[in-house]
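Visitor: Please take one part of this model and go through it closely. I would like the neighbouring parts brought in where they help, with the cut-offs stated.

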Amino acid sequence: MRLTADFFQTSAKVFSVSELTRQIRGTLETKFAAVWVQGEISNYKLHPSGHQYFTLKDQRAQISCVIWRDAMPPLRQPLIDGAQVQVYGTVTVYETRGQYQLNVQILQPRGVGLLQAKFEALKRKLEAEGLFLQERKRPLPKFPRRIGIVTSPTGAAIRDMLNVLRRRAPWLQILINPVRVQGTGAAQEIAVAIHELAMPNEAFAPVDLMVVTRGGGSIEDLWQFNEEIVARAIFHSAVPIVSAVGHEIDFTICDFVADLRAPTPSAAAELIVPDIVDLQRQIERCSRTLGRQLLNRLRDAQQRLDHARETLQRCLAHKIDGYKRGLFHALRVLRARSPVRELMMRRHRFADLDRRLVACPARLIENAGHRFNHIEGMLRVLAPDATLRRGYSITMTDRGQIIRTTAEVRSKMKIRTRVSNGEFDSEIL
């Protein structure tokens with residue numbers, strides 16, 4: 001049997017181009033809801049509307065990609081041809097041209113996804129072991145004399161730190177333990193350098209503080225500071241450690257284990273040492289304050305000394321005048337009476353006066369003690385506690401206010417009654 005064109009037209013549905021393309025689009029969007037794809041960027045174009053178009057390719061195939069203007073936040077670095085990236089998006093069909101494309105929602109450098117997963121896994125592991133506990137972090141010394149720095153001796157980080165440290169703390173002794181901060185094996189070098197600076201050594205004096213640092217970079221560049229061996233070296237260090245890795249937006253495992261995280265190497269230098277200019281100002285301010293206090297104390301002491309001298313002079317002058325008056329009176333009496341008898345009487349009189357003068361303060365104190373005991377006895381009899389012991393009581397509100405009349409109470413009111421040996425609460429019925 002021969003099949004003709006009329007047979008196919010009558011036995012099968014004929015699709016329009018739009019219908020077929022729409023069904024293909026529905027099938028693709030159903031089959032691939034959202035996927036991760038990695039490859040190389042080519043034919044990148046930024047449209048004036050803000051949309052971004054490029055092709056993602058590998059050695060055997062390619063796919064068109066589009067980033068709609070509001071689909072994702074601006075990228076830290078602009079896209080360029082040849083960049084290796086990973087994208088996350090939905091597969092759809094651009095019906096006007098009849099080609100399928102990827103609507104991109106997330107874009108990151110290739111390999112970041114795997115490294116980020118490793119980062120999160122190690123972070124959870126070390127956090128569960130207690131390496132990130134805040135209570136184990138040690139305070140930094142306020143005035144360190146010697147610090148150790150673990151970093152690359154040729155990087156920008158060490159130059160920035162040294163400039164700040166020399167300006168703020170010229171007295172500081174700095175010991176640099178050079179290491180590689182990037183590439184295979186760098187993590188082992190960093191861990192060994194931390195152990196060397198933390199352990200007592202005959203080659204150099206112990207350091208008061210240690211800084212682990214490097215400049216900024218991608219997650220791949222900073223990855224050596226995310227290795228477990230470095231984290232455990234920081235955790236077991238006997239010396240407080242400051243982590244200053246990357247820029248302010250970069251976080252590494254080092255930052256969570258260290259005793260202090262600095263956003264940048266320069267910021268670390270400002271955090272670990274005081275500024276000599278501020279110290280000089282504080283010393284001058286303290287010196288002026290101390291000088292004023294010493295001057296005030298000297299003035300107070302001089303005034304007390306002058307007052308004591310004046311009081312002593314008045315007392316001496318008063319006594320001398322008394323002696324003079326007594327002597328003149330005795331001379332007058334001697335002229336009228338027997339000199340020998342009067343002399344003996346005056347001697348006895350002077351001896352009696354001397355005894356009375358010596359005994360007078362003791363009697364005054366004794367009399368004052370008697371008066372104090374008498375007053376104390378009167379107060380003890382009139383005190384509230386004595387009144388309570390005689391059977392009286394004091395009733396107060398729950399706020400401690402004394403109730404003196406019945407007009408001050410109301411129904412359901414909480415009151416407190418004080419008796420001689422304690423208190424109890426009650427309620428007005």
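What follows starts from one strand and works outward through its sheet to other parts of the chain.

Guide: This is a predicted model, in which local features need pLDDT of at least 70, side-chain atom pairs count only at pLDDT 80 or more, and totals for chains, interfaces and linings use all residues. Residues are numbered from 1 along each chain as its sequence is written, and side-chain values use heavy atoms, with hydrogens and water left out.

The part chosen is strand 8, residues 209-214. Helices (H or I, at least four residues) and strands (E, at least two) are DSSP runs, numbered from the N terminus. Six of the six residues of strand 8 are buried; buried means under 20% relative accessible area, exposed over 50%, and partly exposed in between (1.4 Å probe, protein chains only). The cover extends to both faces: L209, V211 and T213 lie on one side, with M210, V212 and R214 on the other.

Strand 8 belongs to an open sheet of five strands, with parallel pairing and the order 7-6-8-9-10. Strand 7 (173-178) and strand 10 (260-261) are at the edges with a single partner strand each, so one side of each has no neighbour in the sheet. Two strands count as paired if DSSP finds at least two bridges between them. Strand 6 (residues 146-151) runs parallel to strand 8 and is joined to it by four bridges, with I149 opposite V211. I149 also has a bridge partner in strand 7, namely I176; six bridges join strand 6 to strand 7, again in parallel.

On its other pairing, strand 8 meets strand 9 (residues 241-245) in the parallel sense over five bridges. Here M210 has I241 as its bridge partner. Strand 8, helix 6 (residues 228-235) and strand 9 make up a right-handed β-α-β unit; right-handed means that, with the strands pointing away from the viewer, the path from the first strand over the helix to the second runs clockwise.

Helix 4 (residues 156-168) allows a check on length. Its 13 residues should span 18 Å at 1.5 Å a residue, and its end C-alpha atoms are 19 Å apart, which agrees; the expected span is 1.5 Å times one less than the number of residues. The buried residues of helix 4 include A157, I158, M161, L162, V164, L165 and R168. An α-helix has 3.6 residues a turn, so residues three or four places apart point the same way.

Another open sheet has three strands in the order 11-12-13, with antiparallel pairing. Its edges are strand 11 (394-397) and strand 13 (422-427), each with a single partner strand, so one side of each is left without a neighbour in the sheet. Strand 11 pairs with strand 12 (residues 414-419) over four bridges in the antiparallel sense, and T397 has I415 as its bridge partner in strand 12.

Last comes helix 9, where N296 is found. N296 is partly exposed, with a relative accessible area of 40%. From N296 to R349 there are 53 residues in sequence and 49 Å in space, C-alpha to C-alpha.
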